[in-house]
Amino acid sequence: MHGLIVLTLVESRSAVLFPRPGRLTWLLLTITFTCTAMGCIQSIACNKSRIKRENIVVYDLSATIDHCPTVIEENSPIVLRYKTPYFKASARIVMPPIARNETWVVGWIQACTQMEFYNTYGDVGMSSWELPQLREGLVRAISDSDGVSYPWYGNTTETVTIVGPTSKPSRFIVSMNDNFYPSVTWAVPVSESNTPLLTNIKRDQSFTTWLVALNTTSKEKILLHTIKWRMKVDIAVDPSLPLGSRARLVGRVHQDQPRVLTRMEPITANAMGRPNANDAQVLMWRPRRGPPLVVIPPK
């Protein structure tokens with residue numbers, strides 16, 4: 001930004017009334033300050049400091065996974081369901097005053113960075129939920145948005161919008177939670193038989209979650225925090241047992257707690273837009289013998 005001070009001088013009244021030979025007395029009439037920033041000319045009265053990372057206060061940041069085991073439900077003769085503990089993130093934010101014609105959104109953005117989800121049916125084969133681009137290494141992450149509020153994880157408690165101008169700091173809380181609650185068929189998903197053959201469920205999925213302030217006008221992003229978390233499920237199934245007593249958790253019962261990184265990790269482009277993980281995932285059938293088959297294509 002470049003500044004220019006312009007002095008407007010006029011001959012003073014005293015100089016007229018009491019002239020001095022060879023000298024003129026001048027009176028400072030006005031001082032104006034003209035600044036150019038981003039091609040605009042602003043007066044000092046309307047110029048406000050730009051929002052920076054150090055101006056945004058984040059406190060009471062928390063990221064946890066409930067300290068409880070995955071719950072298995074065997075209520076249906078068609079599917080087994082399981083419900084994992086919740087990942088929860090929350091933070092209190094203080095945003096500085098916002099300039100006129102600016103809107104800022106503060107909230108959570110999440111991306112899936114790794115997924116293994118296999119349902120084994122004895123020696124017949126296995127079904128697998130897959131993210132092809134992620135599996136093949138074409139992308140490093142896929143958006144985990146709700147599919148509507150891109151790039152945000154959601155648009156209720158997950159985000160807060162501040163519309164300028166604001167004359168004082170804004171104080172608020174943003175929070176989110178996430179867990180798995182899927183259904184897995186007892187029988188082979190590509191078979192017309194209803195005979196239970198499911199013997200094992202393995203799931204291992206990793207996520208990166210960012211707390212972000214986004215200027216919706218300029219698209220400037222300010223990263224406030226980065227969180228890494230992982231959810232693992234391992235269920236052994238004996239399909240010969242009666243419904244209600246077939247499945248049990250194996251391996252570790254409780255999940256590792258999330259990590260709040262000490263250094264910020266940048267948001268990858270695929271974490272910001274379509275498709276989200278739910279729309280990009282594919283259900284494959286991978287038989288022990290024969291070629292794989294797409295059971296449910298991506299949306």
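Visitor: In which loop does Gly154 lie?
Guide: This is a predicted model, in which local features need pLDDT of at least 70 and side-chain atom pairs 80 or more, while totals for chains, interfaces and linings use all residues. Residues are numbered from 1 along each chain as its sequence is written, and side-chain values use heavy atoms, leaving out hydrogens and water. With helices (H or I, at least four residues) and strands (E, at least two) taken as DSSP runs numbered from the N terminus, Gly154 falls in the loop between β10 (142-143) and β11 (159-163).

Visitor: Is Gly154 buried or exposed?
Guide: Buried means under 20% relative accessible area, exposed over 50%, and partly exposed in between (1.4 Å probe, protein chains only). Because the relative accessible area of Gly154 is 5%, this residue is classed as buried.

Visitor: Which residues does Gly154 touch, not counting residues up to four places away in sequence?
Guide: A contact here means heavy atoms within 4.5 Å. With residues up to four places away in sequence left out, the partners of Gly154 are Asp146, Ser149 and Thr159.

Visitor: How far apart in space are Gly154 and Asp144, C-alpha to C-alpha?
Guide: Along the sequence, Gly154 and Asp144 are separated by ten residues. In space, taken from C-alpha to C-alpha, the distance between Gly154 and Asp144 is 9.5 Å.

Visitor: What share of the contacts with a separation of 6 or more is due to residues 24 or more positions apart?
Guide: The protein has three helices and 19 strands, and 38% of its 299 residues count as buried. Among the contacts in the protein with a separation of 6 or more, the share from residues 24 or more positions apart is 72%.

Visitor: Which strand gives the most to the largest nonpolar core?
Guide: A nonpolar core is a set of buried Ala, Val, Leu, Ile, Met, Phe, Trp, Tyr and Cys residues joined through side-chain atoms within 4.5 Å. The largest one holds 51 residues, of which Tyr82, Ile93 and Met95 touch the most other members. Eight of the residues in this core come from the strand that gives the most, β15 (residues 221-237).

Visitor: Which residues of β15 (residues 221-237) does Tyr82 touch?
Guide: Not counting residues up to four places away in sequence, Tyr82 touches a set of residues that includes Thr70, Val71, Ile72, Phe117, Phe180, Tyr181, Pro182, Val184, Ile201 and Arg203. Given that β15 covers residues 221-237, the partners of Tyr82 on this strand are Val233 and Ile235.

Visitor: How many residues are in the other core?
Guide: Apart from the largest core lies another, whose members include Ala141, Trp210, Ile267 and Ala271. The number of residues in this other core is ten.
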